[in-house]
Amino acid sequence: MKKIIICGILSSVAIVVSSLERFVPLSAIIPLPGIKLGLANCIILLSLVKLDLKCSFAIMICKNLVVSLLFSNPVSFIYSLFGGVFSLIGMHLLLKCKTLFSLFGVSVAGASLFNIGQIIAAILILKSIYIYKYLVFLLPVSILTGILIGLITSVVIKNLKLGWN
């Protein structure tokens, strides 16, 4: 029961953070379509570290579904779903190799995989393989956002008395 409550709270926080992030004018600094910080991914990474893959998947689906219903459209949900699944599975696998990857490395990989998942969704939806070229712009940004998300998540893990253990 405690785990379900924690998943619900984390889902709510991820929805709020993702909603508030829409007010951050990142496109004014980096003029690329679809660029965002991905601050809600801190919640996903936190849940992967402190809970498990199943809870993290539920949080990701809940966040993507609610945010898509509130602010976008079904196609955006598909992009977020592909990106979220790729990111989640990749981060989960890398977290299993604790001696090889730091939280920063896992976060950067997650951000990169999110973009790769979205590009794969775009290729399938738009039926054009050439969309992969957009990764040249997305992947360098994902390194920066991944480092930021890793930093925020590590500070939260270190300083917040979660009481989950």
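In this predicted model, L45 touches M91, L95, L103, V106, S107 and T153, when residues up to four places away in sequence are left out of the count. L45 is found in helix α3, and its relative accessible area is 0%, so it is buried, a term that applies under 20%. For a sense of distance along and across the fold, L45 and L20 are separated by 25 residues in sequence, while their C-alpha atoms are 19 Å apart in space.

One of the residues that L45 touches, T153, leads to the packing of α3 against helix α7, which covers residues 135-159. Two packed helices are described by the angle between their axes and the distance between the axes. For α3 and α7 the angle is about 50°, and the axes lie 9 Å apart. That angle makes α3 oblique to α7, because it falls neither under 35 degrees, where helices count as roughly parallel, nor within the 65 to 115 that counts as roughly perpendicular. The crossing of these two helices, α3 and α7, is right-handed. On the α3 side the contact is made by N41, C42, L45, L46, V49 and K50, and on the α7 side by I149, I152, T153, V156 and I157. Sorted by class, the residues of this contact between α3 and α7 comprise eight nonpolar, two polar and one charged.

A second helix pair can be described in the same terms. Helices α5 and α6 pack at an angle of about 145°, with 7 Å between their axes, and α5 passes α6 in a right-handed crossing. The contact of α5 with α6 has 19 nonpolar residues and eight polar ones, with no charged residues.

From the helix pairs the view can widen to the nonpolar interior. The largest nonpolar core has 21 residues, and L10 and I59 are those with the most contacts inside it. The elements that give two or more residues to this core are α1 (2-21), α3 (41-50), α4 (53-71), α5 (74-95) and α6 (103-126). Of these, α3 gives the most, with five residues. The surroundings of I59 show what one of its best-connected members meets: I59 touches C7, L10, S11, A14, I43, I44 and S47, again without counting residues up to four places away in sequence. Apart from this core lies another, of ten residues, which includes L32, I35, I131 and L135.

Methods
Residues numbered from 1 in each chain as written. Predicted model: local features only at pLDDT ≥ 70, side-chain atom pairs only at ≥ 80, totals over all residues. Heavy atoms only, no water. Core = buried A, V, L, I, M, F, W, Y, C linked by side-chain atoms within 4.5 Å. Buried < 20%, exposed > 50% of the residue type's maximum accessible area, 1.4 Å probe, protein only. Helix = DSSP H or I, 4+ residues; strand = E, 2+ residues; numbered from the N terminus. Contact = heavy atoms within 4.5 Å. Axes fitted to C-alpha atoms, helices over the stretch in contact; angles between N-to-C directions. Parallel < 35°, antiparallel > 145°, perpendicular 65-115°, else oblique. Left-handed = near helix turned anticlockwise from the far one by under 90°. Nonpolar A, V, L, I, M, F, W, Y, C, P; charged D, E, K, R; others polar.
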